[in-house]
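Grab a pencil and open your favourite viewer. Below are some worked exercises on a single protein chain, each with a solution to check yourself against.

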Amino acid sequence: GKRLATGSWDGSAKIWDLASGKEILILQGHTSEVSSVAFSPDGKKLATGSYDNTKIWDVASGKEILSLQEHTSSVSTVAFSIDGKRLATGSEDYSAKIWDLASGKLTLSLQAHASYVSSVAFSPDGKRLATGSEDNIAKIWDLTSDKEILNLQGHTSSVSSVAFSPDGKRLATGSYDKIGRAWGRA
C-alpha cells in the first residue's frame, strides 16, 4: 500500500512512492504502450500487459523475469491469483489466458467473448476466473473444468471491471453504461 505502478504509452511502467510522490523505478522493455499493470500479492513482482504481450518484473531489481507471448493482440488486463502462483491475462484477441508463473507456461486458454477482454479477476479460492468484455458481458469460469459457468448479461455497454467479494460469493461489475452491478447470492 505504499507504492503505485503505472503503465505508459511510451512502453514503460513506473513504480512510485506514494508518501513522497517520487518515481522509484522505471521498467523498460516493452515495444508498445503498457495498458495494464498489477502487483503480485506479496508486492515483489509486477505484471505489465502491452501489445507485445505480458512481462513479469522483479520489483526490487527492476529486471524482467518472464515474457509471456501467446496472445495474438494487445493484452488489456492482467491479474495475479491470491497465492501469486498464477497470472490471468485478457486480450483484444477476445481470449483470457492463465499462466503458471513458476514455469512460465500457459496452462489454460479461454475463448472468452465476442469482443476484447477488458478485465479479469481470480476468485479468492483461485478456482474461478471472472472476465469482463467489450461485448457488454461478464462471465465466470470454473478453472478446474475449463468451463464457463455463468454468463452475466445486463449491461448495455462494455464491462470494464470485474471483482469478486472477499468471500467469493458475489461478483461486482462496472461498465461504461455508468452502472455498477453486484451478481450472486447473499
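The exercises go from the whole chain down to one glycine, and the model they use is a predicted one.

**Exercise 1. Work out how many helices and strands the protein has, and what its radius of gyration says about its overall form.**

Step 1: Count the elements. The protein has 18 strands and zero helices.

Step 2: Get the dimensions. Along the principal axes, the C-alpha trace spans about 40 × 35 × 30 Å.

Step 3: Compare with the globule rule. A compact globule of 186 residues would have a radius of gyration near 16 Å, and the protein has 16 Å, so the two agree.

Step 4: Look at burial and surface. Buried residues account for 49% of the 186. The accessible surface is about 9200 Å², and carbon and sulfur atoms own 49% of that surface.

Step 5: Check the contacts. Take those between residues at least 6 apart in sequence: 33% of them link residues at least 24 apart.

**Exercise 2. Find the strand order in the open sheet of four strands, and say which strands stand at the edges.**

Step 1: Lay out the order. It reads β12-β13-β14-β15, with antiparallel pairing.

Step 2: Pick out the edges. β12 (117-122) and β15 (147-153) each have a single partner strand, so each is left with one side that has no neighbour in the sheet.

Step 3: Add the twist. From one strand to the next, it averages 20°.

**Exercise 3. Trace two hairpins: which residues pair, and which turn residues take a positive phi?**

Step 1: Start with β14 (residues 137-142), which runs antiparallel to β15 and is joined to it by six bridges. Ile137 has Gln153 as its bridge partner, while Asp142 has Lys147.

Step 2: Go round the turn. Four residues lie between β14 and β15, and Asp146 there has a positive phi of about 65°.

Step 3: Now do β17 (residues 170-175) and β18 (residues 180-184). Five bridges join this antiparallel pair, with Gly174 opposite Gly180.

Step 4: Check that turn too. The β17 and β18 hairpin also has four residues between its strands, and Lys178 has a positive phi near 70°.

**Exercise 4. Say which residues of the largest nonpolar core touch the most other members, and which element gives the largest share.**

Step 1: Recall the general trend. In soluble globular proteins, nonpolar side chains tend to be buried together.

Step 2: List the best-connected members. Of the core's 13 residues, Ala88, Ile98, Leu110, Val120, Phe122, Leu129 and Leu143 touch the most others.

Step 3: Map the core onto strands. β10 (95-100), β11 (105-111) and β12 each give two or more residues; β12 has the largest share, with three.

Step 4: Zoom in on Leu110. Setting aside neighbours within four places in sequence, Leu110 contacts Tyr94, Ser95, Ala96, Leu129, Trp141 and Asp146.

Step 5: Don't stop at one core. A second, separate core has 11 residues, among them Ala38, Leu68, Phe80 and Leu101.

**Exercise 5. Decide whether Gly84 is buried or exposed, and find what it touches.**

Step 1: Place the residue. Gly84 is in the loop between β8 (75-80) and β9 (86-91).

Step 2: Apply the cut-off. Buried means under 20% relative accessible area. Gly84 has 16% relative accessibility, so this loop residue counts as buried.

Step 3: Find the contacts. Not counting residues up to four places away in sequence, Gly84 touches Pro41 and Leu101.

Step 4: Take one long distance. Gly84 and Asp135 are 51 residues apart along the chain, and their C-alpha atoms are separated by 29 Å.

Terms used: Residues are numbered from 1 along each chain as its sequence is written. This is a predicted model: local features need pLDDT of at least 70, side-chain atom pairs count only at pLDDT 80 or more; totals for chains, interfaces and linings use all residues. Side-chain values use heavy atoms; hydrogens and water are left out. Two strands pair if DSSP finds at least two bridges between them. Axes are lines fitted to C-alpha atoms, for helices over the stretch in contact, and angles run from 0 to 180 degrees between N-to-C directions. A nonpolar core is a set of buried Ala, Val, Leu, Ile, Met, Phe, Trp, Tyr and Cys residues joined through side-chain atoms within 4.5 Å. Buried means under 20% relative accessible area, exposed over 50%, partly exposed in between (1.4 Å probe, protein chains only). Contact means heavy atoms within 4.5 Å. The radius of gyration is taken over C-alpha atoms; the globule rule is 2.2 Å times the number of residues to the power 0.38. Accessible areas come from the Shrake-Rupley method with a 1.4 Å probe; for residues, only the protein chains shown count as cover.
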